[in-house]
Structure formats: C-alpha cells, structure tokens
Amino acid sequence: MGLTQDGDRVSLECAGGDTVRAGYVVGCDGAHSTVRSQVGIDFVGKQYETHILLADVQLTNAPGDTLNGITNEKGVVLLIPFGDGWFRAIVVGPIARAGAR
C-alpha cells in the first residue's frame, strides 16, 4: 500500500493497516509492480500477452502424487506435487486473467 525509506530502513504500509520495517525490499510482483511504482522505477520492456497465475496450495482432496493437468478453451491448469498435500498450481490463459482481478 505504501513504501518509504530513511537512511537505514524501509517502511512498508501493508493492506490491513500493518507497518513492517526492513533493511531492504525486493519487488517480485510483475509488470504492474506496486513496489516499483512506489520507488519511481519504470517498467522496461513489454508485458506478455499471456496471463499466468502461480500459487502454492494445500489440498484436502489431493489428486495424487503425480503431475496433473487440465486443458480446455479457458486455459491450462497444472498441479505439481511437493508432498504432504502441497501443490504448485500453475494457471495459464484467459482463466488466469480472470483470477488476477
């Protein structure tokens, strides 16, 4: 939500009203980076037309301990197992764009 820095630290104003102070901040939040815009750094390059969502999720009814994938006209969903019911979910296509809103 907000970012300021002084000579020693960075203060981050988070959603929900919390403030976190740290020695540094790394912005890994894509082409529309809040961190980058807060510090005044332009995006160099161009965005991909493809929308991709990544999430690490724990599933109660896991599909198994092998790679699972589903594809249709709405896009592709891959579930990659980590163990103990945890999966990396990768969603590509129009369905990912809808989920990002």
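How many helices and strands are there in the protein? The answer is two helices and seven strands, and the legends below introduce them in a predicted model.

**View 1. The order of helices and strands along the sequence.** Reading along the sequence, you meet the pattern β-β-β-α-β-β-β-β-α. The radius of gyration is 18 Å, well over the 13 Å that the globule rule gives for 101 residues, so the protein is more spread out than a compact globule.

**View 2. The extent of the C-alpha trace.** Follow the C-alpha trace along its principal axes, and it spans about 50 × 35 × 20 Å. Of the contacts with a separation of 6 or more, 34% are accounted for by residues 24 or more positions apart.

**View 3. Surface and interior.** What share of the 101 residues is buried? Buried residues make up 17% of them. The protein exposes about 7900 Å², and 54% of that area is supplied by carbon and sulfur atoms.

**View 4. The largest pocket.** Here you can look into the largest pocket, which holds about 340 Å³ of space. Its lining consists of 13 residues. Which of them lie nearest the centre of the pocket? They are Gly30, Ala31, His32, Gln47 and Thr50.

**View 5. The make-up of the pocket lining.** The lining of the largest pocket brings together residues of three kinds: six are nonpolar, five are polar and two are charged. As you look around this lining, Gly30, Ala31, His32, Gln47 and Thr50 can guide you to the pocket's centre, as they lie nearest to it.

Conventions. Residues numbered from 1 in each chain as written. Predicted model: local features only at pLDDT ≥ 70, side-chain atom pairs only at ≥ 80, totals over all residues. Heavy atoms only, no water. 1 Å grid on protein atoms, 1.4 Å probe; cavity = no way out; pocket = protein on both sides within 12 Å on 5 of 7 lines; lining within 4 Å. Points joined across faces, edges and corners; volume = space filled by probe spheres on them. Nonpolar A, V, L, I, M, F, W, Y, C, P; charged D, E, K, R; others polar. Helix = DSSP H or I, 4+ residues; strand = E, 2+ residues; numbered from the N terminus. Rg over C-alpha atoms; globule rule 2.2 N^0.38 Å. Buried < 20%, exposed > 50% of the residue type's maximum accessible area, 1.4 Å probe, protein only. Contact = heavy atoms within 4.5 Å. Areas by Shrake-Rupley, 256 points an atom, 1.4 Å probe, with all protein chains shown as cover.
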